[in-house]
Amino acid sequence: MKITRNLAVAAIALMTAMNAAHAAKTGVTIGLQLEPPHLDPTSAAAGAIDQVLYSNVFEGLTRFGPDGSVGPGLAESWKISADGCIYTFTLREGVTFHDGSTLDAGDVVFSLDRARAEDSTNAQKALFENIDKVEAKGDTTVKITLKKPQGDFLFNLAWGDAVIVAPESIEDIKNNPVGTGAFTFGNWAKGDKITLVRNDDYWGDAAKLESATFKFISEPTAAFAAMMAEDIDAFYSFPAPENLASFEADPRFTVLSGSTEGETILSINNKQEPFDNLLVRRAVSHAIDRSAIIDGAMFGYGTPIGTHFAPHHPDYVDLTNFSNYDPEKAKALLKEAGLEDGFKTTLKLPPPSYARRGGEIIAAQLREVGIETEISNLEWAQWLEQVFRGKDFGLSIVSHTEPMDIGIYARPEYYFQYDNADFQQMIKDLSTESDPKKRSTALKKAQMTIARDAVNGYLFQLALTSVVNAKLKGIWENAPTQALDLTAVSWED
Amino acid sequence: MLRYALKRLQSLVISLVIASLVIFAAIEVIPGDPASFMLGFNAKPEAVEALRDQLGLNQSLIKRYFSWVSGLLTGNFGTSYTYRSPVSEIIGDRLWISLPLAVYALTLTVLIAFPAGIFAATRRGSRTDVAVMSVTQLGVAIPNFWFAILMVLLFSINLRWFSAGGFPGWENGFWPAIKALTLPAIALALPQASILARVMRSSLLDTLGQDYIRTSRAKGLTRRQALWRHALRNALIPVLTIIGLQFSFLLAGAIIIENVFYLPGLGRLVFQSISQRDLIVVESVVMLLVFAVILVNFTVDLAYAWVDPRLRARA
């Protein structure tokens with residue numbers, strides 16, 4: 001009897017507590033599918049680290065805006081020398097790290113030198129390759145000398161891998177990140193959630209939310225239930241597109257569908273027979289029906305692409321007609337290549353649903369033109385080992401989520417092994433070009449070159465579909481980088 | 001009794017040594033490098049190499065095995081490759097969910113199975129017996145994750161009595177934590193209770209047919225007295241075996257249920273660590289689970305001896 005009474009009292013207390021929480025909402029709980037491995041954005045590639053920390057806790061000299069543009073971050077302004085090799089940054093005054101120490105030029109020198117050091121474990125070390133030296137000129141001025149002019153240097157500094165960290169707190173950064181952002185790190189219950197708390201000493205406009213909790217829910221069914229039960233207020237990049245329709249129909253929720261930097265491609269091993277033959281690659285590109293893949297695997301979310309470039313970028317060229325769905329043409333091309341009887345190859349798929357579901361559909365489409373694929377489902381670690389490093393594959397499907405990454409086609413050792421000296425020269429010239437008009441022309445030419453060479457099968461730009469409580473405002477719709485900037489997020493009354 | 005216990009203890013130690021070798025070998029041969037996983041697509045080879053050095057992955061296998069085992073003996077489980085914090089701390093946090101969940105589920109299992117099994121056995125062939133048997137048949141057949149999802153739909157989404165998942169932490173009070181573990185515990189307990197009730201029933205029917213029961217009845221004990229004093233105790237041996245197995249299963253095998261209710265337990269830790277190639281965490285958790293299973297078996301062996309004096313004498 002006593003136990004039942006205790007239980008009843010506990011239940012009532014709990015309900016009151018829950019109702020009180022609903023009355024005045026000042027915090028937010030956001031669901032993420034993957035948990036960050038640790039909390040140092042400068043030494044891992046995991047997107048989850050940036051999703052939690054980028055511009056919330058850590059900031060760089062420059063930063064991405066919601067539309068992908070690059071604006072001032074910790075540097076309020078900069079001057080570029082006439083030869084394009086010297087960047088002089090002026091830091092904001094009165095910026096402090098969360099441990100109370102002041103941000104000065106020395107911290108910037110430390111951060112950039114650390115990222116490009118010999119023993120650096122920065123996942124994007126190449127971003128800093130062109131830096132010759134970084135010098136502090138007084139407390140708030142930093143002079144960066146480049147080896148050669150670089151058109152996208154300010155863009156590179158906006159990446160999560162280039163955020164400014166302090167030498168005093170670097171030792172423990174992986175578990176206790178200390179940055180300059182609008183939120184301080186609160187607590188990390190590993191496997192469960194990370195809590196951020198508003199930084200009341202923030203140099204810019206203070207965040208509207210008092211706290212933010214990121215909850216890690218990997219199972220799509222569980223994500224659906226948590227959202228429906230309103231245990232969480234938003235789910236960033238909702239893992240089950242098949243459920244989006246039921247959220248759209250429910251007035252309690254808004255479904256945000258934005259663009260990402262993720263070009264989803266059918267990667268082709270350009271050095272493996274018979275894919276070393278342009279005719280075969282073109283046949284593959286004509287055998288693929290993009291709209292069937294977008295509808296079937298992504299439930300309609302995604303924009304078709306015909307080259308390796310984000311459609312929302314001003315320099316994007318729509319080349320989808322270049323590789324339109326035409327199975328007859330594909331068969332003719334195979335015949336021309338001497339493969340009228342078709343051939344067999346491997347299709348190695350990493351875990352995301354775009355790959356696993358898309359893979360089944362592509363396998364069926366390729367079968368139509370006589371290409372038999374042997375599908376193997378791999379975990380990420382296996383995929384990196386076999387496909388990415390070992391180059392032991394015929395075909396694969398993967399979304400390349402780094403922003404502006406057409407440069408990977410200039411690396412002949414990169415896993416799809418495209419080796420075109422003209423293209424490599426094009427990218428080399430582009431990297432030192434800072435005239436916007438010439439850059440635009442060069443970027444367009446680069447897109448056309450890889451589409452003409454049918455290096456990979458270009459499928460679609462991955463959509464970012466998030467489910468958000470209808471009263472929650474200010475969540476970024478697009479993802480110019482893998483960030484979930486909460487500084488402007490608030491509850492509507 | 002002491003000799004019996006010592007003998008059991010000896011086989012426990014041998015099993016542990018063999019297990020450590022097998023686990024280490026099996027996990028080290030899985031393809032996939034933790035450092036390149038962590039640094040992703042654009043990493044420069046020298047950055048991957050630097051990280052491998054940092055993690056100690058460039059040492060020889062034998063050296064790593066011995067440093068792992070000697071660490072285990074001194075309670076130092078090493079540092080996680082990905083989380084970069086002590087493995088013992090990570091496992092400790094998870095145990096505070098997995099262990100109570102297993103105990104909770106096992107308690108429910110026993111509370112359901114014992115009455116059901118005894119009830120059915122004493123009314124063999126009756127309508128209640130048939131009913132218990134069919135319900136338990138269903139309980140064995142229904143996959144627990146499916147049942148879990150049904151419960152979430154009903155209790156969390158429609159009725160809003162429970163959260164759809166997650167764990168508030170013990171620091172926020174005992175009852176909220178218990179509440180969060182209730183649906184998962186029921187989902188885990190249902191099939192286990194069905195199995196246990198069936199075992200209980202058949203084992204009890206077995207003993208009820210024994211000569212000594214007839215003798216005791218002839219001496220004038222009522223059916224009920226004969227059941228409680230003689231039959232039940234003798235029927236417990238197979239039941240204890242199953243309970244032991246079930247506890248190990250509940251501790252290690254809750255991966256799917258932990259995923260459905262997004263509970264940060266041991267199962268999810270193993271799952272996540274394998275995909276991130278956080279080998280040292282995987283090795284230590286698996287070793288810990290093996291240790292738990294062996295320990296449970298050891299305890300069950302001792303419990304046999306307690307309920308059945310013949311076993312003591314034989315050893």
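Read along its sequence, chain B goes α-α-α-α-α-α-α-α-α-α-α-α-α-α, which adds up to 14 helices and 0 strands. Helices here are DSSP runs of H or I with at least four residues, strands are runs of E with at least two, and both are numbered from the N terminus. Keep in mind that this is a predicted model, where local features need pLDDT of at least 70, side-chain atom pairs count only at pLDDT 80 or more, and totals for chains, interfaces and linings use all residues. Residues are numbered from 1 along each chain as its sequence is written, chains are lettered from A and ligands numbered from 1 in the order in which they are written, and side-chain values use heavy atoms, leaving out hydrogens and water.

How sure is the predictor? Chain B averages a pLDDT (its confidence in each residue, from 0 to 100) of 86, with 98% of the residues scoring at least 70. The model as a whole gets ipTM 0.80 and pTM 0.84.

Now picture chain B in space. Its C-alpha atoms fill a box of roughly 85 × 55 × 35 Å along the principal axes. Of its 315 residues, 49% are buried; that means under 20% relative accessible area, while exposed is over 50% and partly exposed lies in between (1.4 Å probe, protein chains only).

Next, look at the surface of chain B. Helix α1 (residues 2-28) holds I18(B), which joins V13(B), I14(B), V17(B), L21(B) and V22(B) in a nonpolar patch of about 530 Å². Patch residues have over 30% relative accessible area and no salt bridge; nonpolar side chains (Val, Leu, Ile, Met, Phe, Trp, Tyr) are joined within 5 Å, like charges within 9 Å. A salt bridge puts a side-chain nitrogen of Lys or Arg within 4 Å of a carboxyl oxygen of Asp or Glu.

There's a charged patch too: R123(B), R217(B), R223(B) and R224(B) gather into a positive one. R123(B) sits in the loop between α5 (87-122) and α6 (127-141), and is partly exposed at 36%.

Finally, some backbone quirks. R160(B) isn't a glycine, yet has a positive phi of about 60 degrees. You'll find R160(B) in the loop between α7 (144-158) and α8 (174-208) of chain B. Over in chain A, M404(A) also has a positive phi, near 50 degrees, in the loop between β16 (395-400) and α12 (421-432). Still in chain A, a cis peptide bond with omega about -5 degrees joins E273(A) and P274(A).

Key: pLDDT = per-residue confidence, 0-100. Areas by Shrake-Rupley, 256 points an atom, 1.4 Å probe, with all protein chains shown as cover. Lys, Arg positive; Asp, Glu negative; His and termini not counted. Charge placed at Lys NZ, Arg CZ, Asp CG, Glu CD.
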